[in-house]
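User: I'm a first-year student and I'd like a close look at one part of this protein: its largest pocket and what goes on around it. Please take me through it slowly, in plain words.

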Amino acid sequence: MPKNKTHSGAKKRFRVTGSGKVMRERANKRHLLEVKPSTRTRRLSVDAVVAPADAKKVKKLLGL
């Protein structure tokens with residue numbers, strides 16, 4: 001059987017922790033940052049856990 005390939009877009013966007021949780025980065029941290037409050041940009045810096053409804057699909061794309 002051939003090997004399954006990891007989805008290139010998914011491997012750039014998600015990572016899996018040691019306990020198996022899927023993490024993602026938050027949106028709205030790319031541009032126009034000087035108009036956003038620094039409290040907001042700091043909050044957006046923290047990674048978030050992918051919703052359980054999406055985690056199963058993301059893991060499949062990552063080949064897990």
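Analyst: Let's start with the word itself: a pocket here is an open set of grid points with protein on both sides within 12 Å along at least five of seven lines. Keep in mind that this is a predicted model. The largest pocket holds about 250 Å³ of space.

So who lines it? There are 13 lining residues, and Arg24, Glu25, Arg26, Ala27 and Arg30 are the ones nearest the centre. Two elements give two or more residues each to that lining: α1 (8-13) and α2 (38-45). Sort the lining by class and you get eight charged residues, three nonpolar and two polar.

Now follow the chain past the central residues, starting with Arg24. Strand β2 covers residues 22-24 and pairs with β3 in the antiparallel sense, over two bridges. Arg24 stands opposite Ala48 in β3. Zoom out a little and you'll see an open sheet of three strands, in the order β1-β2-β3, with antiparallel pairing. Its edges are β1 (14-16) and β3 (48-49), each pairing on one side only.

Next comes the loop between β2 and α2, where Ala27 is found. Ala27 has 53% relative accessibility, so it counts as exposed. Between Ala27 and Val46 there are 11 Å in space, C-alpha to C-alpha, and the two are 19 residues apart in sequence.

Stay in that loop and look at Asn28. Its phi is near 75°, which is positive in a residue other than glycine. Most residues other than glycine have a negative phi. Leu32, in the loop between β2 and α2 as well, also has a positive phi, near 55°. How open are these two? Asn28 counts as partly exposed because its relative accessibility is 46%, and that class sits between the 20% and 50% cut-offs. Leu32, at 57%, counts as exposed.

Leu33 belongs to the loop between β2 and α2 too. Its relative accessibility is 35%, so it is partly exposed. Setting aside residues up to four places away in sequence, Leu33 touches Asn28 and Thr41. That second partner takes us out of the loop, since Thr41 lies in helix α2.

Is Thr41 buried or exposed? Thr41 is buried, because its relative accessible area is just 14%, and the limit for buried is under 20%. Apart from neighbours within four places in sequence, Thr41 is in contact with Lys29, Leu33 and Lys36. In sequence, Thr41 is 15 residues from Arg26, and the two are 10.0 Å apart in space, C-alpha to C-alpha. Remember Arg26 from the group nearest the pocket's centre.

One last stop, for contrast with all those charged residues in the lining. The largest nonpolar core is made of six residues: Ala10, Val22, Val50, Ala55, Val58 and Leu62. Helix α3 (residues 52-62) gives the most to this core, three residues. Nonpolar side chains tend to be buried together in soluble globular proteins. Leu62 shows how wide the contacts can reach along the chain: beyond its neighbours within four places in sequence, Leu62 is in contact with Thr6, Ala10, Lys11, Phe14 and Val16.

Key:
Residues numbered from 1 in each chain as written. Predicted model: local features only at pLDDT ≥ 70, side-chain atom pairs only at ≥ 80, totals over all residues. Heavy atoms only, no water. 1 Å grid on protein atoms, 1.4 Å probe; cavity = no way out; pocket = protein on both sides within 12 Å on 5 of 7 lines; lining within 4 Å. Points joined across faces, edges and corners; volume = space filled by probe spheres on them. Helix = DSSP H or I, 4+ residues; strand = E, 2+ residues; numbered from the N terminus. Nonpolar A, V, L, I, M, F, W, Y, C, P; charged D, E, K, R; others polar. Pairing = 2+ DSSP bridges. Core = buried A, V, L, I, M, F, W, Y, C linked by side-chain atoms within 4.5 Å. Buried < 20%, exposed > 50% of the residue type's maximum accessible area, 1.4 Å probe, protein only. Contact = heavy atoms within 4.5 Å.
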